[in-house]
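Biologist: I am new to this structure and would like a close look at one part of it. Please walk me through the salt bridges, and then tell me what else you would point out.

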Amino acid sequence: MKMLINVPETVVADALRGMAAAHPELTVDVENRVIVRRDAPVEGKVALVSGGGSGHEPLHGGFVGPGMLSAACPGEVFTSPVPDQMVRAAAAVDSGAGVLFVVKNYTGDVLNFDMAAELAEDEGIQIAKVLVNDDVAVTDSLYTAGRRGTGATLFVEKIAGAAADEGQPLERVEAIARQVNENARSFGVALSACTTPAKGSPTFDLPPGELELGIGIHGEPGRERRAMMTSREIADFSVHAVLEDLNPRNPVLVLVNGMGATPLLELYGFNAEVQRVLAERGVAVARTLVGNYVTSLDMAGASVTLCQVDEELLRLWDAPVRTPGLRWGM
């Protein structure tokens, strides 16, 4: 596989150097692998810190900025960051109002953020944590006990980030983050495998003419493999899988998310089918976001995330945001 890299060993550091050059509004510590809002710490404001393996961009570093994260910790490709990164990030952004760790439910992330929380509290930083586990495809996977954390991470970081920017206290920001996670569900489909720089070849075998229903964002196995389906058929399967687990009484936010290699032409066509299914099921749509936000390197495919919202959550979703990966209202 051909890749636009120098050598696999420096791919994350090279990307961070490029990010620093493109976004002077961020402080990017390439050596220690921490990305921070340049204006941090913001007096009186709860800080949000997240992180995970690289390869899911713009998650998480692309969501650092006003209205979302205060800092992010990128690990090596598909590898959790280490506790020292998280503690360094928390110390850089803590104003005294506390720090919320947003943690996707993968074993390495959970263990390392738990350890980091203990270390940060030893340094006098108040820490709260929220676990994102929205993927309905499978329970227990290669890297996970319980459900995987996927597309809802974007909703948690955006909505809780807006609450923090309003000056809401840590306990309330944490409660809002949990409310978002509890009301969000996702389902992903792979049309091709992804290729990590270190391996240089597909991470799993997906024969031509087949797709994987319920794929994880690291290429973890899903529910089943089938012969290739149409966009309409994939939307039927994916949305029904989500709605089997989520029975929204309020309008929903819709994220039609590309896995990295699926062009917007196809994603918008897929969104049309997702919207059709939701209309047929009587689900009201409040807002829709289409694009590559929670990716898996060069995997072709898409995921659907629905998040039921009340008036407050919708207001926080609509609040201004200015990050490399998501921006409006500023």
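Modeller: Happily! One definition first: a residue is called buried when its relative accessible area is under 20%, exposed when it is over 50%, and partly exposed in between. Please also keep in mind that this is a predicted model.

Let's start with the total. The model has 20 salt bridges, and I will take three pairs one by one before turning to a network.

In the first pair, the side chains of aspartate 165 and lysine 45 form a salt bridge, with N and O 3.3 Å apart. Aspartate 165 belongs to helix α4 (residues 152-165), while lysine 45 sits in the loop between β2 (34-37) and β3, so this bridge ties together parts that are 120 residues apart in sequence. How accessible are the two partners? Aspartate 165 has a relative accessibility of 34% and so counts as partly exposed. Lysine 45, by contrast, is buried, because its 8% is under the 20% limit.

The second pair joins two helices. Arginine 172 and glutamate 312 meet through their side chains, with a distance of 2.7 Å from N to O. Helix α5 (residues 170-182) holds arginine 172 and helix α8 (residues 311-318) holds glutamate 312, so the bridge links parts that lie 140 residues apart in sequence. This is where the definition helps: arginine 172 is at 30% relative accessibility, which lies between 20% and 50%, so it counts as partly exposed. Glutamate 312, at 22%, is partly exposed as well.

The third pair runs between strands. Arginine 225 forms a salt bridge with glutamate 212, and their closest N and O atoms are 2.5 Å apart. Arginine 225 is in strand β9 (residues 224-227) and glutamate 212 is in strand β8 (residues 210-213), so the parts tied together here are 13 residues apart in sequence. Arginine 225 is partly exposed at 36% relative accessibility, whereas glutamate 212 is buried at 6%.

Some salt bridges join up into a network. Arg232, Asp236, Glu273, Arg276 and Glu280 are linked in this way.

Now for something else to find in the view: the largest pocket. Its volume is about 570 Å³. Domain 1 (8-183) and domain 2 (184-320) both contribute residues to its lining, which means that the pocket lies between them. The lining has 32 residues, and those nearest the centre are Val11, Ala15, Ser54, Gly55 and Glu57. Three elements, α1 (11-22), β3 (47-54) and β4 (71-77), each provide at least two lining residues. Of these, α1 gives the most, with five. Sorted by class, the lining has 19 nonpolar, 10 polar and three charged residues.

Last, a stop at the beginning of the chain. Methionine 3 is in the segment before α1 and is partly exposed, with a relative accessible area of 28%. Which residues does methionine 3 contact, leaving aside its neighbours within four places in sequence? They are Thr195, Thr196 and Pro197. Methionine 3 also shows how the fold brings distant parts of the sequence into one region: 295 residues separate methionine 3 from aspartate 298 in sequence, and their C-alpha atoms are 9.9 Å apart in space.

Methods: Residues are numbered from 1 along each chain as its sequence is written. This is a predicted model: local features need pLDDT of at least 70, side-chain atom pairs count only at pLDDT 80 or more; totals for chains, interfaces and linings use all residues. Side-chain values use heavy atoms; hydrogens and water are left out. On a 1 Å grid over the protein atoms alone, a cavity is a set of points where a 1.4 Å probe fits but cannot get out, and a pocket is an open set with protein on both sides within 12 Å along at least five of seven lines; lining residues have an atom within 4 Å of a point. Grid points are joined across faces, edges and corners, and a volume is the space filled by probe spheres set on the points. Helices (H or I, at least four residues) and strands (E, at least two) are DSSP runs, numbered from the N terminus. Ala, Val, Leu, Ile, Met, Phe, Trp, Tyr, Cys and Pro count as nonpolar, Asp, Glu, Lys and Arg as charged, and the others, Gly among them, as polar. Domain bounds come from an automatic or database domain assignment. A salt bridge is a side-chain nitrogen of Lys or Arg within 4 Å of a carboxyl oxygen of Asp or Glu. Buried means under 20% relative accessible area, exposed over 50%, partly exposed in between (1.4 Å probe, protein chains only). Contact means heavy atoms within 4.5 Å.
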